Amino acid sequence: MSRAFYLNLAVDNLKKNARTIIPYILTSVLTTMMLYMVVSLANNPNLNEMLGAMTLTQMLGFGVVIIEIFAFIFLFYTYSFLIKRRQKEFALFSILGMEKKHLARV
């Protein structure tokens, strides 16, 4: 099968499942943005000039670890929700003869 077939199939699936995919993409982007904002604050070189910089750096480092843990759990949960919603569709493709590597492309 040609690559255009998989591209068309993927685009059609995105259009049909937009109600479930768009919230996943938004949560992924917002969670990643929040994590990178806190990481950039923790690694700011001007932070060392402030009063209590050592304590603030430690607290921001601790916050980064906590946000990473919650981000991982949250993104894993939303991804598993998305996959559960599309499980019947993947099963249908598998029954129709699509291999696992082709399903991964879609």
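**Close-up views of a predicted model**

Glu 99 has a relative accessible area of 44%, which makes it partly exposed, since the partly exposed class lies between the 20% and 50% limits. The legends below all refer to a predicted model.

**View A. The salt bridge between Lys 101 and Glu 99.**
The structure holds one salt bridge, and its partners are Lys 101 and Glu 99, whose closest N and O atoms are 3.9 Å apart. Lys 101 has a relative accessible area of 54% and is therefore exposed, whereas Glu 99, at 44%, is partly exposed.

**View B. Helix α3, residues 53-85, and its buried residues.**
With 33 residues at 1.5 Å a residue, α3 should span 48 Å, and the 47 Å between its end C-alpha atoms agrees with this expectation. Ala 53, Leu 60, Val 64, Ile 67, Ala 71, Thr 78 and Leu 82 are the positions of α3 to follow here, being buried, and the buried residues of this helix pack against α2. Several of these positions can be read against the helical repeat: an α-helix has 3.6 residues a turn, so residues three or four places apart point the same way.

**View C. Helix α2, residues 18-42, and its packing partners.**
The 25 residues of α2 should span 36 Å at 1.5 Å a residue, and the separation of the end C-alpha atoms, 36 Å, agrees. Buried in this helix are Thr 20, Ile 21, Ser 28, Thr 31, Leu 35, Val 38 and Ala 42, and the buried residues of α2 pack against both α1 and α3.

**View D. The largest nonpolar core, with seven residues.**
Leu 35, Val 38, Ala 42, Leu 47, Leu 60, Val 64 and Ile 67 make up this core, to which α2 and α3 each supply at least two residues. A second, separate core has five residues, among them Leu 9, Phe 93, Met 98 and Leu 103. Leu 35, a member of the largest core, is in contact with Val 64, Ile 67 and Glu 68 when neighbours within four places in sequence are left aside.

**View E. A nonpolar patch on the surface.**
Phe 62, Val 65, Ile 66, Ile 69, Phe 70, Phe 72, Ile 73 and Phe 76 form the patch, and together they have about 850 Å² of accessible area. Phe 62 is found in α3 and, with a relative accessible area of 54%, is exposed because the limit for that class is over 50%.

**View F. Asn 17 in the loop between α1 and α2.**
Asn 17 follows α1, residues 3-16, in the loop leading to α2, and it is buried because its relative accessible area of 17% falls under the 20% limit. Not counting residues up to four places away in sequence, Asn 17 touches Arg 86 and Glu 89. Leu 14 lies in helix α1 and, at 48% relative accessible area, is partly exposed; Leu 14 and Glu 89 are 75 residues apart in sequence and 12 Å apart in space, C-alpha to C-alpha.

**View G. Tyr 79 and Tyr 24, with their places 55 residues apart in sequence and 7.1 Å between their C-alpha atoms.**
Tyr 79 has its place in helix α3, and with 42% relative accessibility it counts as partly exposed.

Methods. Residues numbered from 1 in each chain as written. Predicted model: local features only at pLDDT ≥ 70, side-chain atom pairs only at ≥ 80, totals over all residues. Heavy atoms only, no water. Helix = DSSP H or I, 4+ residues; strand = E, 2+ residues; numbered from the N terminus. Expected span 1.5 Å × (residues − 1). Buried < 20%, exposed > 50% of the residue type's maximum accessible area, 1.4 Å probe, protein only. Contact = heavy atoms within 4.5 Å. Patch = residues over 30% accessible without salt bridge, like charges linked within 9 Å, V, L, I, M, F, W, Y side chains within 5 Å. Areas by Shrake-Rupley, 256 points an atom, 1.4 Å probe, with all protein chains shown as cover. Salt bridge = Lys/Arg side-chain N within 4 Å of Asp/Glu carboxyl O. Core = buried A, V, L, I, M, F, W, Y, C linked by side-chain atoms within 4.5 Å.
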